[in-house]
Amino acid sequence: MKRIISSLIAIGIIITLIFSNNINSQAASYDKAYASKNLTVKTSPGTSYKTLGKIKLGTSVKVYAGVPIGKDQENWYSYQQYGWSKIKYGKKYGWVKTHELTFTNPYSWVPGVKSKTIKDIKKNQNVSNKDKTKLVKSKYETNFYIMYIQFDGKGKWYPFENINCKTGWYHG
């Protein structure tokens, strides 16, 4: 009888741990940042969209997604383009310029950015299933990782792409 009760208690602890881990992973579905200047909140990622309001310098924000360039920036020169971050503004979601935020953890990935970007890189840069890749924090750029590739999974690792973990913007 003691063995059965001990097993049930152990199972209850495991179920409780699984349940609490699921709660924690759901609660952490945003990245934390604060406004490094006064922010203009837009309805979509881009300068030409309706303004929802303003956020004051130093205000804490939760970032729920990121994009490498605004929807209205595709025809701009690449040096003029910049990323946008999706935040909660009142009861709505809005978008702010990512470079106007300071992130509490500069190397945490904004939700959805990592998987989407790596999938995009592998598709567009012709990374084969035999190639191995790894990500290493950049020593030179905040918010960036360097993707290394090992062709055919053998030999030397080569720097392949620099990736912004807040927006998914990348370059080789």
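When I call a residue exposed, I mean that its relative accessible area is over 50%, and buried means under 20%. With that in hand, hello everyone, and please keep in mind that this is a predicted model.

Let's start with helix 2. This helix runs over residues 113-124, so it has 12 residues. From its first C-alpha to its last, helix 2 reaches 16 Å, close to the 16 Å expected at 1.5 Å a residue. Which residues of helix 2 are buried? They are V113, T117, I118 and I121. Those buried residues cover an arc of only 110° around the axis, which puts them on the same side of helix 2. For anyone who likes the reasoning behind that, an α-helix has 3.6 residues a turn, so residues three or four places apart point the same way.

Now turn the helix around. On the other side of helix 2 you'll find S115, K116, K119 and K123, and these are exposed. And what covers the buried residues? The cover includes strand 4, strand 8 (132-137), strand 9 (144-150), strand 10 (158-164) and strand 11 (170-171). Once helix 2 is over, look for N126, which follows the helix and has a positive phi, near 55°.

On to the aromatic residues. A search of the whole structure finds 9 aromatic pairs. I'll show you two of them. The pair of Y64 and Y93 is edge-to-face, with 5.4 Å centre to centre and 85° between the planes. This pair links distant parts of the chain, since Y64 belongs to strand 4 (residues 60-67) and Y93 to strand 6, 29 residues apart. Y64 is partly exposed, at 23% relative accessibility, and Y93 is partly exposed as well, with a relative accessible area of 39%.

The other pair I picked is W76 with Y82, again edge-to-face, at 6.3 Å centre to centre and 70° between the planes. Buried or partly exposed, what are these two? W76 counts as partly exposed at 30% relative accessibility, whereas Y82 counts as buried at 17%, because the cut-off for buried is under 20%.

Let me go back to Y93 for a moment. Together with Y30 and Y64, Y93 forms one aromatic cluster. What lies over the face of Y93? That is K88, at 4.4 Å from the ring centre. A second lysine to look up is K134, which lies over the face of W157, at 4.6 Å from the ring centre.

W157 brings us to Q150, which has its place in strand 9. Q150 counts as buried, at 9% relative accessibility. Leaving aside neighbours within four places in sequence, Q150 is in contact with D131, K132, G155, K156 and W157.

My last stop is T98. Where does T98 sit? You'll find T98 in the loop between strand 6 (92-97) and strand 7 (101-103). Although T98 is in a loop, T98 is buried, with a relative accessible area of 8%. A polar atom of the T98 side chain lies 3.3 Å from the backbone nitrogen of W84. Beyond neighbours within four places in sequence, the contacts of T98 are G83, W84, S85, F103, K166 and T167.

So that's the tour: the two sides of helix 2, the aromatic pairs, and then Q150 and T98, both of them buried. Thanks for listening, and I'm happy to go back to any of these residues on the screen.

Terms used: Residues numbered from 1 in each chain as written. Predicted model: local features only at pLDDT ≥ 70, side-chain atom pairs only at ≥ 80, totals over all residues. Heavy atoms only, no water. Helix = DSSP H or I, 4+ residues; strand = E, 2+ residues; numbered from the N terminus. Buried < 20%, exposed > 50% of the residue type's maximum accessible area, 1.4 Å probe, protein only. Polar contact = N/O pair within 3.5 Å; in protein donor to acceptor, adjacent residues only side chain to side chain. Contact = heavy atoms within 4.5 Å. Phe/Tyr/Trp six-rings, centres within 6.5 Å; stacked < 30°, edge-to-face > 60°. Lys NZ or Arg CZ within 6 Å of the ring centre and 35° of its normal. Expected span 1.5 Å × (residues − 1). Arc of directions from axis to C-beta.
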